[in-house]
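Here is a friendly set of questions and answers to read alongside the model. Keep the viewer open and follow along.

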Amino acid sequence: MTSRGIRRSSLFLADQDYKMYLSLLEETMMKHPFILYSYCLMTNHIHLQLETIDTPLSPIMKHLNTKYAKYFNKKYDYSGHVFDKRYGAELLNSLEYEIDVSKYIHLNPVAAGIVSAPEDYPWSSYRAYAFAETIPLIDPNRLLSSFPDPPSLHYQQYMKALPTDRLIWKNNKLYLASLEEPICGRR
């Protein structure tokens, strides 16, 4: 799921704004339970990789974005829309695709030139995957279970894999096709 600032304007002007969004995300999770796999809060847009449970995505996003817009407008004495259009969402219909989306989300700050490594960006869930840091909002276990032991190290190596690298599934774990060994055995 992606939400953008109106006219691509900034959604976060201070660290407190990022913290408030994460707090509202947690509040929303309590009100409308869902599983959050990955997130990245960029300056003018947001990526959330989540799985709904009983509540459809629309009420979840309405609650979250409305609460944040009210906070943002009040704090900065703005009025009107904060988010551009409706959020964008896509059904992730395979575990492989879910893992790819997680990689895309976590590499977003690197692709934008904000940081040189995903672990340097404080407003994403990458560190929960790569360093097993506890982020209460995130459940990395489902995706990490697709990597051989130790999964955090293998996830880091997967993040470094090039688009031309061919990956295969073997025994429910992700491997490089050319070597049929764990991803981290390659570098």
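## Questions on the fold and its pockets

Q: Is N108 buried or exposed?
A: This is a predicted model, and the answer rests on computed accessibility. The relative accessibility of N108 is 8%. Buried means under 20%, so N108 counts as buried.

Q: In which helix does N108 have its place, and which residues is it in contact with beyond its neighbours within four places in sequence?
A: N108 has its place in helix α3. That helix lies across β2 and β3, running at about 155 degrees to β3. Leaving aside neighbours within four places in sequence, the contacts of N108 are C40, M42, H45 and H47.

Q: What is the order of the strands in the open sheet?
A: The sheet is open and has four strands, with antiparallel pairing. β2 (34-41) and β4 stand at the edges with a single partner strand each, so each has one side without a neighbour in the sheet. The twist averages 15 degrees from one strand to the next. Read across the sheet, the order is β2-β3-β1-β4.

Q: How many bridges join β1 to β3, and which residue is the bridge partner of S3 in β3?
A: β1 and strand β3 (residues 45-52) run antiparallel. Three bridges join them. In β3, the partner of S3 is I46.

Q: Which residues of β4 are the bridge partners of G5 and T2?
A: β1 also pairs with strand β4 (residues 83-88), in the antiparallel sense and over three bridges. For G5, the bridge partner in β4 is F83. For T2, the bridge partner in β4 is G88.

Q: Which residues of β1 point to the buried face?
A: In a regular strand the side chains alternate between the two faces of the sheet. Strand β1 (residues 2-5) shows such alternation. T2 and R4 point to one face and are not buried, while the residues that point to the other face and are buried are S3 and G5.

Q: Which strands does α2 lie across?
A: Helix α2 covers residues 57-76. This helix runs at about 155 degrees to β4. The strands that α2 lies across are β1, β2, β3 and β4.

Q: Is H63 buried or exposed, and which residues does it touch beyond those up to four places away in sequence?
A: H63 lies in helix α2. Its relative accessible area is 15%, so H63 is buried. Not counting residues up to four places away in sequence, H63 touches E27, T28, K31 and H32.

Q: What is the relative accessible area of S58, and what separates its C-alpha atom from that of K74?
A: S58 is found in helix α2, and S58 is partly exposed, with a relative accessible area of 34%. Beyond its neighbours within four places in sequence, S58 is in contact with R86 and Y87. K74 is 16 residues apart from S58 along the chain, and their C-alpha atoms are separated by 24 Å.

Q: Which element gives the most to the lining of the second largest pocket?
A: The second largest pocket has a volume of about 210 Å³. Its lining includes S58, M61, H81 and F83, and the elements that give two or more residues to this lining are α2 and β4. The lining divides into three nonpolar, four polar and three charged residues. With five residues, the element that gives the most is α2.

Q: How much space lies in the largest pocket, and which element gives the largest share of its lining?
A: About 480 Å³ of space lies in the largest pocket. There are 21 lining residues, with M1, L48, L50, E90 and L92 nearest the centre. The lining divides into 12 nonpolar, five polar and four charged residues. Six residues, the largest share, come from β3.

Q: How many of the 10 residues of helix α6 are buried?
A: Helix α6 spans residues 151-160. Among its buried residues are S152, H154 and Y155. The helix is largely enclosed by the rest of the structure, because the number of its 10 residues that are buried is seven.

Conventions
Residues are numbered from 1 along each chain as its sequence is written. This is a predicted model: local features need pLDDT of at least 70, side-chain atom pairs count only at pLDDT 80 or more; totals for chains, interfaces and linings use all residues. Side-chain values use heavy atoms; hydrogens and water are left out. Buried means under 20% relative accessible area, exposed over 50%, partly exposed in between (1.4 Å probe, protein chains only). Two strands pair if DSSP finds at least two bridges between them. Contact means heavy atoms within 4.5 Å. On a 1 Å grid over the protein atoms alone, a cavity is a set of points where a 1.4 Å probe fits but cannot get out, and a pocket is an open set with protein on both sides within 12 Å along at least five of seven lines; lining residues have an atom within 4 Å of a point. Grid points are joined across faces, edges and corners, and a volume is the space filled by probe spheres set on the points. Ala, Val, Leu, Ile, Met, Phe, Trp, Tyr, Cys and Pro count as nonpolar, Asp, Glu, Lys and Arg as charged, and the others, Gly among them, as polar. Axes are lines fitted to C-alpha atoms, for helices over the stretch in contact, and angles run from 0 to 180 degrees between N-to-C directions.
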